[in-house]
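Colleague: Could you take a close look at one loop for me, and then walk outward from there through the rest of the assembly? I have the sequence and the coordinates open beside me, so please be as specific as you like.

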Amino acid sequence: MIPFWIIAAVLIVSALWTVTARKPIYSVVSLLLNFAALATTYLILHAEFLAVMQIIVYSGAILMLFVFVIALLNSGIAAVVLGRDRVPVAPAAAAALAAVAFVATAIAAAHAPAIAPIATHSPLGAVGRGNVFGSIGDFGQALFLSRLLPFEITALILMVAVVGVVLLAGDLTPYVPTRRRAEQTRRALREAILREGK
Amino acid sequence: MLIVLVKSAILLLVVLTTFAYAMLFERKIMGWMQLRPGPNRVGPWGLLQPAADAAKLILKEDLTPKTADPLIYRLAPFISLLTAFAVYAIVPFGANGDGSPWAIGDVNAGILFLMAISSIGVYGISLGGWASGSKFPLLGAVRGTAQMISYELSMSLSFVGVLMLAGTTSLTGIVNAQERVWFFIPQALGFIIYVITAVAETNRTPFDLVEAETELVGGFHTEYSGLRFGSFFIAEYVNMLTVSCIASLLFLGGWNAPFGLTMIPGILWFVLKVGAFMFFYMWLRATLPRFRYDRLMTFGWKVLLPIATLNLVATAAWVALH
């Protein structure tokens, strides 16, 4: 129980630091700490695979993009000008809502009947051949057998989002069938941009 | 608890000593390849050179640029160092007769743990380069981050082929699965991809765009001096050692002896394989020029990734049919 309380304290402090830090880069670092602490709580719950995935996906990929954006925009040098003495309305309302939801969940959890022992059941349903809650086998069974359709739909939605981003932000040259004409179009476009610049 | 602490202390010592002499041998080998003697003044045959280097780094002045972000600037080398060493918590070096591995912790999701830790290692470079508050480190950091993210994909895909053949993610299990045939034979393509991405992941020549001296002064560590620079340096060599260990565990049979030569203990075979891979690294550095940045990215995304995916599909089909 003691490791849990230590980790919980780290989680809360780092989460608070994330939203109160005045430099975006500090928010990123504290969020990194937060993710690491969250992965540790998963480890305490014996959800090894989830812990590792938390690190790989969130810390390794998503948060890295934040660092990238901050580094490229250089917005991290100057602190965000908010004014210390003014509580922004929208975040305050969101925080209040989150607090209510948290308390409600805590009360519901306290009154809920005890769930079956971990070895036979997981929140994803009865465990499969992996037979340990949170193991790779269990995860794979849930993902590819009992929850295949939602998984595939999510994949499709993400795919659409990726294609959309490429369309919106990608190469501006119009589509041309042959390579030679593509080169001509590109050159014409570049010259047009240069002319605009002058 | 005590045993784990003792094991960790011993391992730390071993890894640090290996780092010191890997650095010396790299300079020696590069010297020989370029027809010069290499370091040979400190101690017999230059063997005390690492100690002299360490003393020099410790005594150097620790400079922080005025434009730097003080907290992140100090934090970044630690992230690099921490992630470089954390990996050794699960790397097995050999096995007892009953199959229990020589490792601090035997984790089931071993290979995934390795990937998770190495994905955090990027932060040392990107945060360090950004926090220096100067243009060369920033350019080096942005390049390094992009490069490491791109090559990590192909690297993970080359792992998956091995995982499918072994049917487990535990490093000990993977080594045990190679008792008859080492995975670099059925996974030849995967092995080649791994070797290339491993060099790119550790930012070594010919993929050392992160610290390209001719254009970026020192890259992400331009502003660092003294022990902070030393931390980055240690992390780089320890990472080299790590990817050599992974190559040996995943593709070269780990501590399994070739041709039934079991009278030589497994740990020696392991050291030999890791050493050979390290030598290959140094050989590359003395031989190859640096890639151009756009070619590096094109190669990573348009050549390596499709080949790695093909390899994955072919392996999956083969495993499914057997």
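**From one loop to the interface**

Modeller: Asn203(B) lies in the loop of chain B between helix H7 (188-201) and helix H8 (213-216). Before going further, please keep in mind that this is a predicted model. The phi of Asn203(B) is near 55°, a positive value in a residue other than glycine. That deserves a second glance because most residues other than glycine have a negative phi. Is Asn203(B) buried or exposed? Asn203(B) has 23 other C-beta atoms within 10 Å, and 20 or more are needed to count as buried, so this loop residue is buried.

A useful partner for Asn203(B) is Leu35(B), with its phi near 60°, again a positive value in a residue other than glycine. Leu35(B) belongs to the loop between helix H1 (2-33) and helix H2 (49-59) of chain B. Its surroundings are another matter: with 6 other C-beta atoms within 10 Å, and 12 or fewer being the limit for exposed, Leu35(B) is exposed. So you have two positive phi values in loops of chain B, with Asn203(B) buried and Leu35(B) exposed.

How far can you trust the chain that holds both? The mean pLDDT of chain B is 84, with 99% of its residues at 70 or more. For the model, ipTM is 0.79 and pTM is 0.79.

From the loops, let's move to a helix of chain B, H4(B). It has 22 residues and runs 32 Å from its first C-alpha to its last, close to the 32 Å expected at 1.5 Å a residue. How many residues of H4(B) are buried? The count is 21 of the 22, so H4(B) is largely enclosed by the rest of the structure. Just after this helix, Gly133(B) takes a positive phi of about 65°.

One neighbour of H4(B) is helix H5 (residues 135-166) of chain B: the two axes come within 8 Å and cross at roughly 170°. Angles over 145 degrees count as roughly antiparallel, so that is how H4(B) and H5(B) are arranged with respect to each other. Their contact is well worth displaying residue by residue. On the H4(B) side the residues include Ile111(B), Met115(B), Val122(B), Ile125(B) and Trp130(B). On the H5(B) side they include Leu138(B), Ala141(B), Met148(B), Phe159(B) and Leu163(B). Glycines take part too, among them Gly128(B) and Gly129(B) in H4(B), with Gly140(B) and Gly144(B) in H5(B). By class, the residues of this contact divide into 11 nonpolar, 8 polar and 1 charged.

H4(B) turns up again when you look at helix H3 (residues 70-86) of chain B. The 17 residues of H3(B) should span 24 Å at 1.5 Å a residue, and the end C-alpha atoms are 25 Å apart, which agrees. Among its buried residues are Ile72(B), Tyr73(B), Ile79(B), Leu81(B) and Thr83(B). What covers the buried residues of H3(B)? The cover includes H4 (110-131) and helix H9 (226-250) of chain B, together with H2 of chain A. With that last helix we have crossed into the other chain.

H2(A) has 21 residues and reaches 30 Å from its first C-alpha to its last, close to the 30 Å expected at 1.5 Å a residue. Its buried residues include Val28(A), Leu32(A), Asn34(A), Phe35(A) and Leu38(A). Just after H2(A), His46(A) takes a positive phi of about 65°.

Now for the interface as a whole: 17 residues of chain A are in contact with 22 residues of chain B. Helix H2 (24-44) and helix H3 (48-73) of chain A each supply at least two residues of the side of chain A that touches chain B. H3(A) gives the most to that side, with 12 residues. By class, the side of chain A that touches chain B has 13 nonpolar, 3 polar and 1 charged residues.

To finish, here is chain A in outline. It has 7 helices and 2 strands, and along the sequence they follow the pattern α-α-α-α-β-β-α-α-α. Buried residues make up 17% of its 198 residues. For a sense of distance, take Leu38(A) and Arg186(A), which are 148 residues apart in sequence and 48 Å apart in space, C-alpha to C-alpha. Arg186(A) is found in helix H7 (residues 179-197) of chain A, and with 15 C-beta neighbours inside 10 Å it counts as partly exposed.

Terms used
Residues are numbered from 1 along each chain as its sequence is written. Chains are lettered from A and ligands numbered from 1 in the order in which they are written. This is a predicted model: local features need pLDDT of at least 70, side-chain atom pairs count only at pLDDT 80 or more; totals for chains, interfaces and linings use all residues. Two residues are in contact if their C-beta atoms, placed from the backbone, lie within 7 Å. Helices (H or I, at least four residues) and strands (E, at least two) are DSSP runs, numbered from the N terminus. Ala, Val, Leu, Ile, Met, Phe, Trp, Tyr, Cys and Pro count as nonpolar, Asp, Glu, Lys and Arg as charged, and the others, Gly among them, as polar. The expected span of a helix is 1.5 Å times one less than its number of residues. pLDDT is the predictor's confidence in each residue, from 0 to 100. Axes are lines fitted to C-alpha atoms, for helices over the stretch in contact, and angles run from 0 to 180 degrees between N-to-C directions. Angles under 35 degrees count as roughly parallel, over 145 as roughly antiparallel, 65 to 115 as roughly perpendicular and the rest as oblique.
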